[in-house]
Amino acid sequence: MSFAVKDVVCKCCGHKFQARWLKGFFSAGADLDSNPHQPEIYEKAVLCPHCGYATSRINAEVDSAVRDAVSSSEYQNILTNEIIPEPVRRLVLDAKLMCVRCDDRSAGYQYLTASWYAREHECEYRWLLEKAEECFAAYLESNADVDAALVLIDVLRQLGKFSDVRETANSLSEFASDSALKKVLLYEQSLADAGDVQPHSRNEVPV
């Protein structure tokens, strides 16, 4: 894991604060939904203690649309909701602002990451998976991205949307020339046929 800790100026409110965020990491294995099972992954977003601006891109510029979103009652209600675990709040708020920036792919991954934390800590996580599904689906409407499509398939399966798993996997398999990809798609379909909604490791895919 690689972290950075330094004083930064919040791009949203202009106040200085000390930020610690995850720069990168290496994982030898992961689940089908890309969960690396590294707790440091939940540090992907930092939170300004002054205005509540959440971001995983500390140097990204902030426009009026993002500022308006941060000051909105919907955003502030999540920020102050202590029922939601703090790491989940940070990730969800970052995801919401990613949506404002029209970056549905990044938003999907942040919602998904939040769902991993919630599941591990026995909190309600289905709503986070549903938000991840929504974002990945929106992104894939106009983008050809195999990795994101595979994650969406696994999210659909974990949500118990087995017919959607089969439909999406079949659509993707038409363009799959890679044997490893085909094996993943077949495995996802077999899990869906068995009614399996549990997370599974990539290492479980039959060779």
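**Charges.** I started with the charges in this predicted model. I found 22 positive and 32 negative ones on the chain, and their mean positions lie 6 Å apart.

**Surface.** Next I looked up how much area the chain exposes, and I got about 10500 Å². Carbon and sulfur atoms supply 49% of that area. Then I asked myself what share of the residues counts as buried. For the 207 residues of the chain, that came to 47%.

**Helices and strands.** I went through the secondary structure and noted 8 helices and 4 strands. Reading along the sequence, I wrote the pattern down as β-β-β-β-α-α-α-α-α-α-α-α, so my notes have the four β symbols ahead of the α symbols.

**Overall size.** I checked the radius of gyration and read 18 Å. A compact globule of 207 residues would have one near 17 Å, so the chain agrees with that. I also looked up the box that the C-alpha atoms fill: it is roughly 50 × 30 × 30 Å along the principal axes.

**Contacts along the chain.** Here I kept to contacts with a separation of 6 or more. Residues 24 or more positions apart account for 56% of them.

**The core.** In soluble globular proteins, nonpolar side chains tend to be buried together. With that in mind, I looked for the largest nonpolar core here, and it has 68 residues. Which residues have the most contacts inside it? I listed Tyr53, Val88, Leu112, Phe136 and Leu185.

**A look at Leu112.** I picked Leu112 from that list and left aside its neighbours within four places in sequence. Its remaining contacts include Phe136, another name from my core list. Leu112 also touches Asp33, Ser34, Leu129, Ala132, Val151 and Val155.

Note on methods. Residues are numbered from 1 along each chain as its sequence is written. This is a predicted model: local features need pLDDT of at least 70, side-chain atom pairs count only at pLDDT 80 or more; totals for chains, interfaces and linings use all residues. Side-chain values use heavy atoms; hydrogens and water are left out. Helices (H or I, at least four residues) and strands (E, at least two) are DSSP runs, numbered from the N terminus. The radius of gyration is taken over C-alpha atoms; the globule rule is 2.2 Å times the number of residues to the power 0.38. Buried means under 20% relative accessible area, exposed over 50%, partly exposed in between (1.4 Å probe, protein chains only). Contact means heavy atoms within 4.5 Å. Accessible areas come from the Shrake-Rupley method with a 1.4 Å probe; for residues, only the protein chains shown count as cover. Lys and Arg count as positive and Asp and Glu as negative; His and the chain ends are not counted. The place of a charge is taken as NZ of Lys, CZ of Arg, CG of Asp or CD of Glu. A nonpolar core is a set of buried Ala, Val, Leu, Ile, Met, Phe, Trp, Tyr and Cys residues joined through side-chain atoms within 4.5 Å.
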